[in-house]
2 protein chains.
Amino acid sequence: MLTYSFADTGPEPLYIHLYKCIKNDILDSILLPGTKLPSKRSFAKNLGISNITVENAYAQLQAEGFIYSVPKKGFYVTELPDKGVMPFNSIRTENKNTEYGTKWHGSKIESSKEEGSQFEIDLVSNTAPPGKFPFSIWARLMREVISEKSSELMKKSPWGGIMELRSAISLNLKQFRNMEVSPGQIITGAGTEYLYTLIIQLLGYDKIYAVETPGYKKIAQIYKSNNVACEYIPVDNSGIIIEELERHNADVAHISPSHHYPTGIATPVSRRYEILAWAAEEPDRYIIEDDYDSEFRLAGKQMPTLQSIDIMERVIYINTFTKSLAPTIRISYMVLPVTLLEKFHSKLSFYSCTVSNFEQYTLAKFINDGYFEKHINRMRNYYRKVRDGLLKEIKNSSLSGISEISEEGSGLHFLLKIHTDMPDSEYIEICRKNKINVSCLSQYYTGEEKNHDKENKNNKERQHIIIMDYSGIRLEDVEKTVKLLCKSLNLPG
Amino acid sequence: MLTYSFADTGPEPLYIHLYKCIKNDILDSILLPGTKLPSKRSFAKNLGISNITVENAYAQLQAEGFIYSVPKKGFYVTELPDKGVMPFNSIRTENKNTEYGTKWHGSKIESSKEEGSQFEIDLVSNTAPPGKFPFSIWARLMREVISEKSSELMKKSPWGGIMELRSAISLNLKQFRNMEVSPGQIITGAGTEYLYTLIIQLLGYDKIYAVETPGYKKIAQIYKSNNVACEYIPVDNSGIIIEELERHNADVAHISPSHHYPTGIATPVSRRYEILAWAAEEPDRYIIEDDYDSEFRLAGKQMPTLQSIDIMERVIYINTFTKSLAPTIRISYMVLPVTLLEKFHSKLSFYSCTVSNFEQYTLAKFINDGYFEKHINRMRNYYRKVRDGLLKEIKNSSLSGISEISEEGSGLHFLLKIHTDMPDSEYIEICRKNKINVSCLSQYYTGEEKNHDKENKNNKERQHIIIMDYSGIRLEDVEKTVKLLCKSLNLPG
């Protein structure tokens, strides 16, 4: 059992002393996440102190999130809280390895206590505000699935997912994206991350995978973790640059033409055809069309997907319900061209489907009964209000004279360029101290060229652009958001 | 729309002609799985035939499983039925590529119609008989989770899984496997297959992974699909052979010491220490202890797991609820030694957890409320009865004089060696014609040495041994099982 000395506790109460001892052991990774703490009684007996002292210490630790209780079981050391979608955090990990990266859980908990979970406003986490998902409907559909599908629920899902869901997705793609896709071409999986790893196994480890810069760091992280060559390809105002794809000898381009993050660019049709032409030039070139978030585009004509104008069977379309519905729903899917479907079938259909039947049936119902469409429409309206609120508040604030807004139609975020000399890193730090979590465009670039002139020019252009990701912002927090952004620039609200 | 000629239909009814046309298009992959068929009315109009003709043709196709209906939507071409756990099928795919492997869905459906789903007895599929899982309890717990955890359900799971489940697993491992494991060391994932791919990313693509022969082909398939070197290491009567691990320069040994499939061997303690010693010799050697199915061992002392006697932090323990509960529950977990946990955290914690919160909370309840233990005990009793029934029936049948039984304590299967000259492949074929699906030990060997003398000797020893995998056999089918085995040998029952 844990033992601590109570010899030199000084003037502080015993429970504070005990609280500090345990807290330090958690921070120093002596007590690992998930470790069960001794029962209050036996711990008190062992340390020769009163039960109430242990109780107070535990209460303090619990209040601060270092431990948590399981009814009838006891107290356990907390796992570090999940940090959500992580471009910003991963950058910090890369830059400040000792502070955030390699040190084990203790400091993670501390840093997230100080910096993560206690933001009042979060423009980084990229998850929907709580309470927006129609949970009561979902729960009702789950109950219906339980009573209607009891025998199907005990059967293994086919490798591509259950047909009801794939049919529902197929109809949905036809209706909203004008895509003609047979349900058999749709393969479901527990998250896009998992699907990326299947795609690597399908297309090959000898290929060069190209990702966008700026872009989500996680995508490159996954390719690298799967031991394949990964090149960063710059995007211009129309999307990925074809010449750069050529120059890097890319075989597979992983892109988001409908809704690029973080710039918000939608690739115009002409560039789309150029990308398809690039793929058609060589027999083993493929495009991964990541359509993540495209449901939420607020303005402009919905562009046809690459998949729907691809006659050469070179586009793998990929999308997720994890983002459009709720993070707990781990269902994503990809649409394979028929030739790749055959290859998948012969090479990879030995893998079991990673999504439980139960969630698949529930989601199929949710889509077929029209709730998915309703939810998306409701969320679009909601986000439109949040965006309009932010634009209005910015206009009425002291930011209005010294900032420019762009890509406000892209959905879920826009860009706010601020005329300031303060370096991005400094501004971000001040924001965080003011309990608002922000990220800047400059953080999303990787794999820079070594041409210093160009770099300096680029760097200058990229500075002072805040990614106004409002996907997690509640309507009632719009005013405060702009106030805190001003405050962090030492401006009046 | 589909068009068929009705010019030369001959004497057969029109609906039979239409039925054949569509069926042939499905078999020839002209109609892919999931394709929606035209509505009866428009199809009839288009073909110039009556609605009832189309209706009859669809009904026939549906009755034979070629198409299925979605209420209010219409008819769709069926996906090939899932074939369950696949050592046998995958062997057939490897050997007879044109027949089972590369040809696309049409023939798959046909072959599974003829050979897969229509067995009366299946000694291969390795899934629990239907109706054994306490579904009503599971459904009740799901309802409780829905009402108690509505806010938690909408939060993203931590990367390792939710703490309640990991704590429950940790207590369970302590109770039943005497393993001291902190919940923080447990990482959940949607199936062991997915966890294997995480392990490869964790331990490295430059390592040589060793799998057992005989053994599950799927494990080697996964390593190969993930582009890492994979060596087949023979097992003797005590488990994997250390000298062979050395000779193949293996870095990582993927083994099942508690319950080897298909031989049923449990590795004795002395060999366990030898394996640990092998791992300790070099800094980067690891053991993946696949404890799949160990819950069901019916006889003999439960051996300590390698994980529990490993002080060098070289063992990754892995197990699944997919097998012990129901195939629809896609939850598996691995236990990492602390040093690897740190590495996992810094390298791979960017991956989201692949299991939905909802199933994690339900399973945590199921374990914490004692239902998991009850279920395992009930299933063990059930399987004991099935096994005892099979042993008795074999003893009372004409097999008794010409066969030997071994490893009957290993749980879920035993070995039945038959004195016959009939080659295994022929016997299997006859069995399948008699609607009983069996596999033989000889099918599970791979990567043979090229020494012909040895091979011949080995081959002889390995012939005529049926894997009596009774995990999917209902008690009421025990008698029939033995009857069909006898019939296939031309013996009286």
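This is a short talk on a predicted model with two chains, A and B.

I will start with how the two chains meet. Together, chain A and chain B bury about 6500 Å². Of that area, 65% is on carbon and sulfur atoms. Each chain brings residues to the contact: 71 residues from chain A and 71 residues from chain B. In polar contact across the interface there are 20 residue pairs. How many salt bridges does the rule find across the interface of chain A and chain B? Zero.

Which parts of chain A form its side of this contact? Eight helices of chain A each supply at least two residues: H6 (105-116), H7 (135-148), H8 (150-153), H9 (163-177), H10 (192-203), H11 (217-225), H15 (338-348) and H16 (357-368). H15(A) gives the most, with six residues. By type, the residues on the side of chain A that touches chain B divide into 34 nonpolar, 24 polar and 13 charged.

Next, how the copies are arranged. A turn of 180° and a shift of 0.1 Å along the axis lay chain A on chain B, with an RMSD of 0.1 Å. The two copies are thus related as by a two-fold rotation axis. Why do we say that the copies meet through the same surface? Because 100% of the interface residues of chain A are also interface residues in chain B.

Now the salt bridges. Over all chains, the structure holds 42 salt bridges. I will go through a few of them.

One joins Lys40(A) and Glu55(A), where the closest N and O atoms are 3.7 Å apart. Lys40(A) sits in helix H2 (residues 40-47) and Glu55(A) in helix H3 (residues 51-63), so the pair ties together parts of chain A that are 15 residues apart in sequence. Lys40(A) is partly exposed, at a relative accessible area of 28%. Glu55(A) is also partly exposed, at 34%.

Another is between Arg474(A) and Asp477(A), with 3.1 Å between the closest N and O atoms. Are these two residues buried or exposed, or in between? Arg474(A) has 37% relative accessibility and counts as partly exposed. Asp477(A) has a relative accessible area of 12%, and that makes it buried, because the cut-off for buried is under 20%.

In chain B, the side chains of Arg285(B) and Glu246(B) meet in a salt bridge of 3.8 Å, N to O. This pair links distant parts of the chain, 39 residues apart. Arg285(B) is in the loop between helix H13 (269-281) and strand S9 (286-290), while Glu246(B) is in helix H12 (residues 242-247). Arg285(B) counts as buried at 10% relative accessibility, and Glu246(B) is partly exposed at 32%. Back in chain A, salt bridges that share partners join Arg140(A), Glu144(A), Glu148(A) and Lys365(A) into one network.

One residue to look at by itself is Ser294(A). Where is Ser294(A) placed in chain A? It is in the loop between strand S9 (286-290) and strand S10 (315-320). Ser294(A) is buried, with a relative accessible area of 2%. A polar atom of the Ser294(A) side chain lies 2.9 Å from the backbone oxygen of Asp291(A). Leaving out residues up to four places away in sequence, Ser294(A) touches Arg177(A), Ser258(A), His259(A), Gln302(A) and Asn319(A).

Last, some backbone details. In chain A, a cis peptide bond joins Tyr261(A) and Pro262(A), with omega about 5°. Pro262(A) is in the loop between strand S8 (252-255) and helix H13 (269-281). In chain B, the peptide bond from Tyr261(B) to Pro262(B) is cis, with omega near 5°. Pro262(B) lies in the loop between strand S8 (252-255) and H13 of chain B.

There are also residues with a positive phi in chain B, including Asn227(B), at about 65° although it is not a glycine. Asn227(B) is in the loop between helix H11 (217-225) and strand S6 (229-236), and is partly exposed at 42%. Asn490(B) has a positive phi of about 65° as well, and is not a glycine either. Asn490(B) lies in the segment after helix H20 (478-488) of chain B. With 74% relative accessibility, Asn490(B) counts as exposed.

That is the end of the talk.

How values were computed: Residues numbered from 1 in each chain as written. Chains lettered and ligands numbered in written order. Predicted model: local features only at pLDDT ≥ 70, side-chain atom pairs only at ≥ 80, totals over all residues. Heavy atoms only, no water. Helix = DSSP H or I, 4+ residues; strand = E, 2+ residues; numbered from the N terminus. Buried < 20%, exposed > 50% of the residue type's maximum accessible area, 1.4 Å probe, protein only. Polar contact = N/O pair within 3.5 Å; in protein donor to acceptor, adjacent residues only side chain to side chain. Contact = heavy atoms within 4.5 Å. Buried area = accessible area lost by both parts, 1.4 Å probe. Salt bridge = Lys/Arg side-chain N within 4 Å of Asp/Glu carboxyl O. Nonpolar A, V, L, I, M, F, W, Y, C, P; charged D, E, K, R; others polar. Least-squares fit on C-alpha atoms with pLDDT ≥ 70 in both.
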